[in-house]
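Colleague: Could you take me through this model? I would like to begin with the interior and then move on to the sheets and helix packing.

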Amino acid sequence: MLSLLFSGKSHFDNNNRNNSSPSTSVTKSESAIDESPYELSNENDVGLVSSISPSSSLNFGENGSISISIPPENSRIGGGPTSPDISPGPAISPSRSASPIINNEINDEESKKSDVIESPPKEIPLVLSVSEMKDTLIRSRVSSFSKSPHWPSKADQELLEARIRIANAPIIGNHPILHAPIYRNLSSFIRSYEIMEEKLKIYIYKDGKKPVFHKPRLKGIYASEGWFMKLLEESKQFVTNDPLQAHLFYLPFSSQLLVDYVYVPDSHSFHEINVYLKNYLDTIKGRYLFWNRTDGTDHFLVACHDWAPIETRQLMANCIRALCNSDIKEGFRLGNDVSLPETKVPSPQKPLAKIGGAPPSDRKILAFFAGKMHGYLRPILLKHWENKDPDMKIFGRLKKDSYAWHMKNSKYCICAKGYEVNSPRVVEALVNGCAPVILSDNFVPPFFEILDWESFAVFVLEKDIPNLKNILVSIPESRYVEMQRRVTQVRQHFLWHSTPLKYDLFHMVLHSIWYNRVMRLSP
């Protein structure tokens with residue numbers, strides 16, 4: 001029996017961070033990985049980092065050290081019949097870098113075929129209604145759990161204890177700023193949020209070169225992933241430099257910058273992106289213990305580009321994925337993945353949107369939409385309703401000021417999908433006090449595991465576009481006024497702040513990731 005000793009404090013000292021200047025571009029011949037800022041205690045430890053197996057045992061010392069016992073017959077994870085699905089990759093010396101060049105393991109014809117971007121189906125796929133999504137989520141909570149880790153940790157025990165405390169949350173009738181009707185279960189949410197603030201620790205891998213890693217883009221329609229990265233990396237409350245304390249591990253890359261710097265234009269293939277991410281993960285697996293312990297189930301990513309589901313669905317299938325493109329038909333997993341709000345941030349210096357709009361009694365426009373003709377659905381919407389009815393203000397593109405005015409003076413704002421199911425109009429509607437009308441089949445709305453969207457939004461199936469006005473006028477005025485009030489109550493969860501505030505967008509994304517991790521553990 002071989003016994004190893006790893007000290008979380010000595011090997012993961014933040015003072016050893018690599019301060020080399022960031023690169024300005026990434027090509028296929030450059031490295032995806034920075035040299036490790038950490039050193040293992042001796043050169044023999046490098047191979048042992050990835051040699052932990054399900055039959056290895058782990059013991060924790062009072063000083064934060066971790067003792068691992070490895071039976072002599074075991075070698076690397078994935079090398080034996082007990083773990084056929086794990087492929088950790090080679091052990092990598094801290095002085096070496098993994099290059100995102102095409103290698104023999106992934107450069108094969110079948111891999112290339114699977115990376116080709118497929119055209120969208122001509123027929124609309126099977127539609128899952130909001131009620132069916134709710135049922136699927138409820139079933140997942142009682143029947144679908146994460147794989148058991150290959151060895152235990154203190155963090156796992158703390159998460160299990162959190163799950164019990166959430167399940168036994170005291171009933172809360174009234175709250176000064178949270179209003180029960182907009183939540184699935186206000187008492188459980190408050191208890192879970194409180195435990196998150198008290199307990200949650202996240203380790204952020206220092207590996208990875210800028211600009212794809214560690215360089216948040218804070219402007220544009222994909223800015224949600226950048227703002228989350230920025231605020232988490234600045235957090236002193238949730239981030240730990242000792243991974244042995246961590247409940248979650250963050251993979252700090254930008255899905256947008258992967259497309260900008262790694263994707264080969266007009267190639268119609270994700271092969272280079274897959275290779276780039278595979279080499280990064282191989283380094284993580286070979287250099288550290290943590291991915292191998294859970295096969296990635298305690299790792300998470302936050303990605304807003306339309307292509308993010310495809311970029312991550314193979315290599316990061318076990319991770320918790322916070323995705324703007326939260327499309328059931330694209331593999332979004334209720335109960336595991338998190339629907340990330342798409343927020344259009346015009347200025348990094350002022351991420352907070354202008355809030356407000358007319359009161360319900362002064363909103364004289366029944367429904368409003370304006371936007372580019374992206375995808376198949378919006379042309380259908382305009383075909384039926386553009387210049388057809390004075391109550392239905394349905395346009396193509398509008399000037400910015402006119403667009404904002406219509407949102408602030410309409411009862412309902414049509415959030416029609418573009419190329420993908422997500423749209424920044426959902427958040428824009430909430431910010432402007434306009435009840436969102438979700439016109440996007442199979443779209444899982446943000447924070448679906450926490451918020452009761454049907455209490456403040458309307459869901460219309462794409463096939464019902466010809467009947468859109470009848471659906472909206474059939475909603476009683478009293479019901480609309482109630483929905484609009486709830487819109488003003490829920491929008492605090494959809495606002496970025498340069499310094500995060502309690503219950504704001506940063507904390508809600510973080511909470512949904514935390515909550516799904518807790519609830520996926522087998523009780």
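Colleague: Which residues have the most contacts inside the largest nonpolar core?

Modeller: They are F189, F228, L232, F300 and I513, in a core of 73 residues. A nonpolar core here is a set of buried Ala, Val, Leu, Ile, Met, Phe, Trp, Tyr and Cys residues joined through side-chain atoms within 4.5 Å. Buried means under 20% relative accessible area, exposed over 50%, and partly exposed in between, with a 1.4 Å probe and protein chains only.

Colleague: And which element gives the most to this core?

Modeller: Helix α17 does, with ten residues. Helices (H or I, at least four residues) and strands (E, at least two) are DSSP runs, numbered from the N terminus.

Colleague: What does L232 touch?

Modeller: Leaving out residues up to four places away in sequence, L232 touches I202, I204, F238, V239, Y250, F300, F506 and L510. Contact means heavy atoms within 4.5 Å. There is also a second, separate core of 38 residues, and V212, F249, Y276 and L301 are among its members.

Colleague: Before we go on, what should I know about the model itself?

Modeller: It is a predicted model, in which local features need pLDDT of at least 70 and side-chain atom pairs count only at pLDDT 80 or more, while totals for chains, interfaces and linings use all residues. Residues are numbered from 1 along each chain as its sequence is written, and side-chain values use heavy atoms, with hydrogens and water left out.

Colleague: Now the sheets. What is the strand order in the one that contains β4?

Modeller: The order is β4-β5-β6-β7-β8, an open sheet of five strands with parallel pairing. Two strands pair if DSSP finds at least two bridges between them. The edges are β4 (202–204) and β8 (338–339), each pairing on one side only. Further in, two bridges join β5 (residues 248–250) to β6 (residues 299–303), and F249 stands opposite H299 in β6.

Colleague: Which helix lies across β4, β5 and β6?

Modeller: Helix α7 (residues 223–233), which runs at about 135° to β6. Axes are lines fitted to C-alpha atoms, for helices over the stretch in contact, and angles run from 0 to 180 degrees between N-to-C directions.

Colleague: And what about β12: is it covered or not?

Modeller: Strand β12 is mostly covered, with five of its five residues buried. A435, V437 and L439 lie on one side, and P436 and I438 on the other. The strand belongs to an open sheet in the order β10-β9-β11-β12-β13, again with parallel pairing. It pairs with β11 (residues 410–416) over five bridges, whereas two bridges join β12 to β13.

Colleague: Back to α17. How does α5 meet it?

Modeller: The axes of α5 (residues 154–167) and α17 (residues 505–520) come within 9 Å and cross at roughly 95°. That makes α5 roughly perpendicular to α17; angles under 35 degrees count as roughly parallel, over 145 as roughly antiparallel, 65 to 115 as roughly perpendicular and the rest as oblique. The contact residues divide into seven nonpolar, no polar and four charged. Ala, Val, Leu, Ile, Met, Phe, Trp, Tyr, Cys and Pro count as nonpolar, Asp, Glu, Lys and Arg as charged, and the others, Gly among them, as polar.

Colleague: And how does α6 pack on α17?

Modeller: Helix α6 (residues 186–199) packs at an angle of about 95°, with the axes 10 Å apart. By class, this contact has eight nonpolar, three polar and no charged residues.
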